[in-house]
Amino acid sequence: MSDFQHPLDPLTADEFRAVTRLLADAHGVDENWRYASIEMIEPSKPEIAAFDADGAPCERAAQAVLYDRSSNRTFRARISLTDGAVTSFEHVPDVQPNVTVDEWVEADEALRAHPDVIAALADRGITDLDLVFMDTWTYGEVLIPEKYKGRRIGWSDTWVRAAEGANPYAGPVNGLHCVIDLATMELLEIEDTFRVDRPKIMGEYVPRMVPKEIRDADTRGPLEPLEITQPEGPSFTLEGNKLSWQNWSLRVGFNYREGMTLHAVTYNDNGTERKIAHRLSFAEMMVPYRDHCDDHYRRTAFDIGEWGLGFMTTSLALGCDCLGEIRYLDATLHNSKGEPYRIENAVCIHEEDNAVLWKHVDHHAGSEVRRMRRLTVSFHVTVANYEYLTYWRFYQDGSIECEVRATGIMVVSHIAEGAAHPHGTLVDQRTYAPFHQHFLTARMDLDIDGEQNTVYRSDTEPVPVGPDNPYGLSLRQVNTPLRTESEGKQTPNYATQRSWKIANDNVTTGVGLSPAYKLAPSGAFPPMFPDDSPILGRCEAIKHTLWVTPNAADERWPAGEFVNQGGSGMGLPAWTAADRNIENTDVVLWYTFGIHHITRPEDWPIMPSDTVSFWLKPFGFFDRNPSLDVAPSPAKCCTEQDDSPTDGGCCS
């Protein structure tokens with residue numbers, strides 16, 4: 001059935017074809033249906049362990065979510081690729097699956113061709129339909145008009161380019177929105193609520209569209225070439241989807257919803273292969289716009305649950321997106337007919353120099369310096385106007401960093417001369433960008449030296465002044481085990497510099513500690529919603545920076561499986577209502593971080609990357625600095641200048 005080599009390898013093109021063939025034969029799935037998603041059903045941890053130990057076979061299986069356009073019904077199917085059979089096919093009532101890229105494209109085409117839309121645009125003086133772009137967004141259940149309840153609907157923004165090739169997001173047609181049935185592509189309603197004359201602005205970023213006086217300012221001066229070369233090739237090895245580098249080993253996966261996933265992350269500690277993480281991924285992204293005006297009140301995107309990061313992953317280009325001695329992995333996904341397609345260069349893998357790893361200059365012994373090298377595994381997605389660039393980085397000291405960069409183009413609105421814009425920043429003439437927030441939830445199935453782990457809240461406290469602490473100098477660390485899911489709902493505390501440790505209390509290291517990894521709450525910020533906000537109800541995951549749950553195969557999506565047109569209380573709040581045990585068990589951490597975007601003129605017309613990250617750092621996992629054995633850099637590591645010789649040896 002397939003040429004896969006490991007149970008965690010992503011589905012192949014032949015396997016996607018097998019899914020559609022089996023469903024067509026068994027259940028008559030044809031062109032009237034849409035494949036919202038097809039993804040691999042990952043084997044359990046015991047099954048993977050058995051395969052890794054002695055090659056015990058694992059069933060190869062897939063799950064498909066399908067939408068029947070003729071009946072407006074959603075179905076979930078399980079397909080055994082090993083047996084070549086559909087093993088379950090069930091109707092999932094009262095839900096709408098994710099919107100597909102095909103629907104997004106078809107909605108734009110249908111709306112621009114509709115005579116009522118053409119007339120509404122002409123009434124505003126817009127007659128060149130080739131310059132118009134209709135950007136369809138999804139609905140949350142609370143915002144769906146009562147008369148459209150139960151239908152698969154979307155609402156559209158209207159944008160118009162100033163000229164062919166110009167930036168459409170610089171030309172909002174304020175107050176003009178369409179409501180469309182995405183099953184039939186029927187125009188349900190045109191909302192024409194207000195109008196604003198288009199001001200003269202500079203909203204272009206493509207060089208040929210940027211005014212000459214800006215493009216040719218020539219005050220910066222040229223940059224000399226910066227070349228990163230590894231004449232003998234990279235230091236990592238890539239065998240299929242298995243990646244090995246500097247004691248690290250992991251597998252790279254990919255699916256429609258999360259995009260890139262990382263699996264089976266281990267570290268070779270002096271010959272002992274030690275587990276750190278079973279699976280790392282992004283499980284949800286919520287982007288609420290914090291402006292209640294007509295143009296923005298519906299603008300709350302769930303880019304993972306409603307659309308899928310995998311579907312929006314873009315191909316990476318050498319020298320632009322990635323620099324150095326690069327290795328790429330392609331990704332195979334499917335369109336809404338279930339037909340496979342390939343994203344070339346979907347994942348970039350390369351090494352990066354990152355300044356000094358450790359250094360000390362001794363008065364007698366001299367200097368010892370080690371350069372820091374890190375392995376970066378990355379993928380990029382384009383979500384309409386925004387780009388998200390995701391990097392997982394692995395370091396020689398056993399640390400893991402997850403970094404996200406947001407760039408792209410802000411949503412803007414025009415306003416009348418002198419009008420207020422209290423919920424956004426003026427970024428151009430009579431043009432403001434609304435405040436908004438980017439919440440990303442990372443799902444981390446950590447297995448620190450095994451599956452039985454306990455998470456501790458770790459707070460630093462000052463010791464009161466007293467006989468034993470007369471100067472008030474002493475600090476103490478208070479580590480509190482989180483035993484139940486209610487205790488696992490955590491928020492940062494700046495006053496105590498709170499972090500969390502994921503520890504294996506069943507193991508003792510050489511210095512008598514329980515091996516652990518530390519999660520520090522960088523990039524975290526509060527949701528800033530009233531408790532009774534129905535928008536917050538759709539994604540209660542953002543109420544807390546950290547949630548801890550026991551591992552469950554069917555608990556993958558913190559805002560629920562079916563987010564599109566979904567309501568409140570799904571996902572994490574529903575699961576944790578049972579207040580299950582999370583002590584000394586197989587736990588999953590759900591960490592929410594992101595960007596509180598108070599928009600700036602400097603973010604317009606294209607936004608410099610805004611960078612946030614968090615770290616997983618070993619804390620008692622090793623007996624000492626694990627990077628003591630990193631070799632010095634080659635002797636000749638300084639560039640000669642003005643014929644002045646270098647003596648080599650600057651790194652040892």
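**Burial, salt bridges and a four-stranded sheet**

Me: Why is Y386 called buried or exposed here?
Reply: Y386 has a relative accessibility of 2%, and buried means under 20% relative accessible area, exposed over 50% and partly exposed in between, with a 1.4 Å probe and protein chains only, so Y386 counts as buried. The model is a predicted one, in which local features need pLDDT of at least 70 and side-chain atom pairs count only at pLDDT 80 or more, while totals for chains, interfaces and linings use all residues. Residues are numbered from 1 along each chain as its sequence is written, and side-chain values use heavy atoms, with hydrogens and water left out.

Me: What makes Y386 a residue in contact with others, and which are they?
Reply: Contact means heavy atoms within 4.5 Å; leaving aside neighbours within four places in sequence, Y386 meets this with Y289, V381, T407, G408, I409, M410, H436, H438, H597 and M607. Y386 itself belongs to strand β18, residues 386-395, where helices (H or I, at least four residues) and strands (E, at least two) are DSSP runs numbered from the N terminus.

Me: How do you know where the feature "active site" is placed?
Reply: That placement comes from UniProt, whose unreviewed entry puts "active site" at D303 and Y386; the positions are given in the numbering used here, feature names are shortened, and annotations may be inferred rather than shown by experiment. Although the two are spread over 84 residues of sequence, they cluster in space, with a largest C-alpha distance of 10.5 Å.

Me: Why is D303 counted as buried or exposed?
Reply: Its relative accessibility is 4%, and D303 therefore counts as buried. D303 is found in helix α6, residues 303-307, and, beyond its neighbours within four places in sequence, has contacts that include E284, M285, V287, M312 and Y388.

Me: What makes E352 and R393 a salt bridge?
Reply: Their side chains meet at 3.2 Å, N to O, and a salt bridge is a side-chain nitrogen of Lys or Arg within 4 Å of a carboxyl oxygen of Asp or Glu, so the pair qualifies. E352 lies in strand β16 (residues 340-362) and R393 in strand β18, which means that the pair ties together parts that are 41 residues apart in sequence. E352 is buried at a relative accessible area of 17%, and R393 counts as buried at 2%.

Me: How do you know that R393 belongs to a network of salt bridges?
Reply: R393 also meets E401 in a salt bridge at 3.8 Å, N to O, and both of these residues are buried. The network links E352, R374, R393, E401, E403 and R405, and the structure holds 51 salt bridges.

Me: What makes D459 and R457 a salt bridge, and which burial class does each have?
Reply: The closest N and O atoms of D459 and R457 are 3.1 Å apart, and the two form a salt bridge. D459, at 5% relative accessibility, counts as buried, whereas R457, at 22%, counts as partly exposed.

Me: Why is β5-β6-β7-β8 called a sheet with paired strands, and which strands are at the edge?
Reply: Two strands pair if DSSP finds at least two bridges between them, and β5 and β6 (residues 153-160) have six bridges in the antiparallel sense, so they count as paired. One of the bridges joins F133 to W159 in β6. The open sheet has four strands in the order β5-β6-β7-β8, with antiparallel pairing; β5 (132-137) and β8 (186-192) are the edge strands, as each pairs on one side only. The twist averages 30° from one strand to the next, with axes taken as lines fitted to C-alpha atoms (for helices over the stretch in contact) and angles running from 0 to 180 degrees between N-to-C directions.

Me: How do you know which way helices α3 and α4 run against the sheet?
Reply: Helix α3 (residues 101-113) lies across β5, β6, β7 (176-181) and β8 and runs at about 130° to β5. Helix α4 (residues 115-123) packs on the sheet, touching β5, β6, β7 and β8, and its direction makes about 20° with that of β8.

Me: Why is M40 called buried or exposed?
Reply: M40 has a relative accessible area of 13%, and so is buried. M40 lies in strand β1, residues 33-41, and touches P7, L8, D9, L11, R60, A61 and A62, not counting residues up to four places away in sequence.
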